[in-house]
Amino acid sequence: MSSNTLNASSGFAGWFKIEAFRTDEDGQEIPGSRRIAADWFPNLITNAGLDLLGTTDDTYVYTFCRVGSGNTAPAVTDTVLVSQVASSSTQQAINNGVDRSGAFYAWVRRTTRFTTGTAAGTLAEVGVSPTTSGPLFSRALILDSGGNPTTITVLSGETLDVTYELRLYPTLTDATGTVDIAGVTYNWTSRALIPVSYDLYWDLYVGKGIGPRRTAGNAPTGPAVDAALPAQNSAVANPIGSGTITALAYTAGSYQRSFRFDCNINDANVAGGIGCFFASSGNTGARAFGAWAWGLSPKMPKTASFNATFTIRMSWGRYTP
C-alpha cells in the first residue's frame, strides 16, 4: 500500500444587507415602502463558524438569521449575539453564482424574512447560524455607509429582510510539495479548476460542510479537465469514478479536513501511470468543495497487483485580499 497527503486551501468572507418594508392588510408588500436600513457591510466569521464548516455536512451555516441590540465589537470567540431580539429561518430568496470581476470567488446570497413586528425595535448586531440557538457562524455590528457602527430602528408595522452573502475564495496559487511512495519521491501540485464549465461545482453548496462528492457520478470530465490539470497530457485517475473517498474525523480548531482516497486493486490502473487526479463537489451532492486537481511527477505506476491510498486535505480560513 502507498500513502501520501496532498493539500489545497480556501478562504471565506460574508456580507449583510438589511431592508425593511410595510405590508397591507393582506400581507402584501406596499409598493414604495421598502427602505434600505443598512447597505452591504462585512461580517466576522467566528472560530465556531470555521469549525462548523468542518462538522456541518448537510445544513447550511446561514439557515438562521439572528438580530439583536448589543453593541459589543465582534470577536472571533463569539458564539451568540450580545442581546438577541429575534431569530428567523424563513427563506425569502436564494441564488448563487461565480464572480470573475476581480479575485475569483463563488457566492450564495440568501434573504431571510422576519415577519411583521418580530424584529421591531433598535437593532445593532446581526449574525447567522445553522441552528436557532447554536453557535454563530458569523457576527457583525450593523455599519453605516462609512463603515462605522450604527443602529437601525425597525417599526412595529414593518417586515425585516436580511440578506447574507457568503463567498468562497479558492487559493488560486498552485500548492506544491513532495511525498515518498514506496521509496520513490514524487512532486505534487494542487490547482483549483475554474473554467466556466465548472461553475456549478463551486457555487452550488457554498455554506455547507467541506467535502468532495463521495459517491460515483457527476464528476467533471472532458477536455476542460484535461486542459486545467497540473500534469499536462497525463493519464487521469478520477477519485469519484475510480475509487472511494472517506471523510476522516475533524479536529476542532484545526480548520482542515482530510479525505482518504482508496484505489483498490481494480481501481485507477491507468496505462502509463497516474499523472493526476481530481475531486469535486457533485451536482447532486450535498457538500461544498469546488473542483481541484493534483498532479504527480513522475507519474505513479498503479497496477492490479496492489492498492494505493491518497489523503487529500482541504484547509480553510477567513479570506483576506
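Strand S1 gives the most to the lining of the largest pocket, contributing four residues. In this predicted model, that pocket encloses about 190 Å³ of space. Its lining consists of 13 residues, and those nearest the centre are Phe 12, Ala 13, Gly 14, Asn 43 and Tyr 319. S1 (2-22) is joined here by S3 and by strand S12 (158-170), each of these elements supplying at least two residues of the lining. In terms of residue class, the pocket lining has nine nonpolar residues, together with two polar and two charged ones.

A closed space can be described alongside this open one. The count comes to one cavity of 30 Å³ or more, and the largest cavity has a volume of about 50 Å³. Around the largest cavity stand Ser 10, Phe 12, Leu 168, Ile 210, Ala 288, Phe 289, Met 314, Ser 315 and Trp 316. Two elements, S1 and strand S20 (308-318), give two or more residues to this lining. Here it is S20 that gives the most, with three residues. The cavity lining has seven nonpolar and two polar residues, and no charged residue is found in it. Phe 12 is worth a second look in the structure, since this residue appears in the lining of the pocket and again in that of the cavity.

Turning to the fold as a whole, the secondary structure of the protein comes to three helices and 20 strands. Of the 321 residues, 51% are buried. Contacts between residues at least 6 apart in sequence join residues at least 24 apart in 75% of cases.

Which strands make up the open sheet that includes S3? Five strands take part, in the order S3-S10-S9-S4-S5, with antiparallel pairing. Strand S3 (44-45) and strand S5 (84-88) occupy the edges with a single partner strand each, so one side of each has no neighbour in the sheet. At the S5 end, strand S4 (residues 64-68) pairs with S5 in the antiparallel sense over four bridges. Within this pairing, Gly 68 stands opposite Gln 84 in S5. S3 thus links two parts of this description, because strand S3 stands at an edge of the sheet and also supplies at least two residues of the pocket lining.

A hairpin is formed further along the chain by S13 and S14, with two residues between the strands. Strand S13 (residues 175-181) runs antiparallel to strand S14 (residues 184-192), and seven bridges join them. Beside the turn, Ile 181 stands opposite Val 184 in S14; elsewhere in the pairing, Val 179 has Tyr 186 in S14 as its bridge partner. In the turn itself, Ala 182 has a positive phi of about 55°. S14 also runs antiparallel to strand S19 (residues 291-300), to which six bridges join it. One of these places Ala 192 with Trp 292 in S19 as its bridge partner.

Strand S19 carries a further backbone feature. A cis peptide bond, with omega of about 0°, joins Ser 297 and Pro 298, and Pro 298 is found in S19. Another backbone feature is seen at Tyr 255, a residue other than glycine whose phi is positive, near 55°. Tyr 255 lies in the loop between strand S16 (244-247) and strand S17 (256-263).

Among the helices, how many of the nine residues of H1 (residues 47-55) are buried? Seven of them are, so the helix is largely enclosed by the rest of the structure. The buried residues in H1 are Ala 48, Gly 49, Leu 50, Asp 51, Leu 52, Leu 53 and Gly 54.

Finally, a word on confidence. The mean pLDDT of the protein is 87, and 88% of its residues reach 70 or more. Over residues 237-241, however, pLDDT stays under 50. The model has 22 contacts beyond four places in sequence for residues 237-241. Where pLDDT is low, predicted coordinates should not be read in detail.

How values were computed:
Residues are numbered from 1 along each chain as its sequence is written. This is a predicted model: local features need pLDDT of at least 70, side-chain atom pairs count only at pLDDT 80 or more; totals for chains, interfaces and linings use all residues. Side-chain values use heavy atoms; hydrogens and water are left out. Two strands pair if DSSP finds at least two bridges between them. pLDDT is the predictor's confidence in each residue, from 0 to 100. Contact means heavy atoms within 4.5 Å. On a 1 Å grid over the protein atoms alone, a cavity is a set of points where a 1.4 Å probe fits but cannot get out, and a pocket is an open set with protein on both sides within 12 Å along at least five of seven lines; lining residues have an atom within 4 Å of a point. Grid points are joined across faces, edges and corners, and a volume is the space filled by probe spheres set on the points. Ala, Val, Leu, Ile, Met, Phe, Trp, Tyr, Cys and Pro count as nonpolar, Asp, Glu, Lys and Arg as charged, and the others, Gly among them, as polar. Buried means under 20% relative accessible area, exposed over 50%, partly exposed in between (1.4 Å probe, protein chains only).
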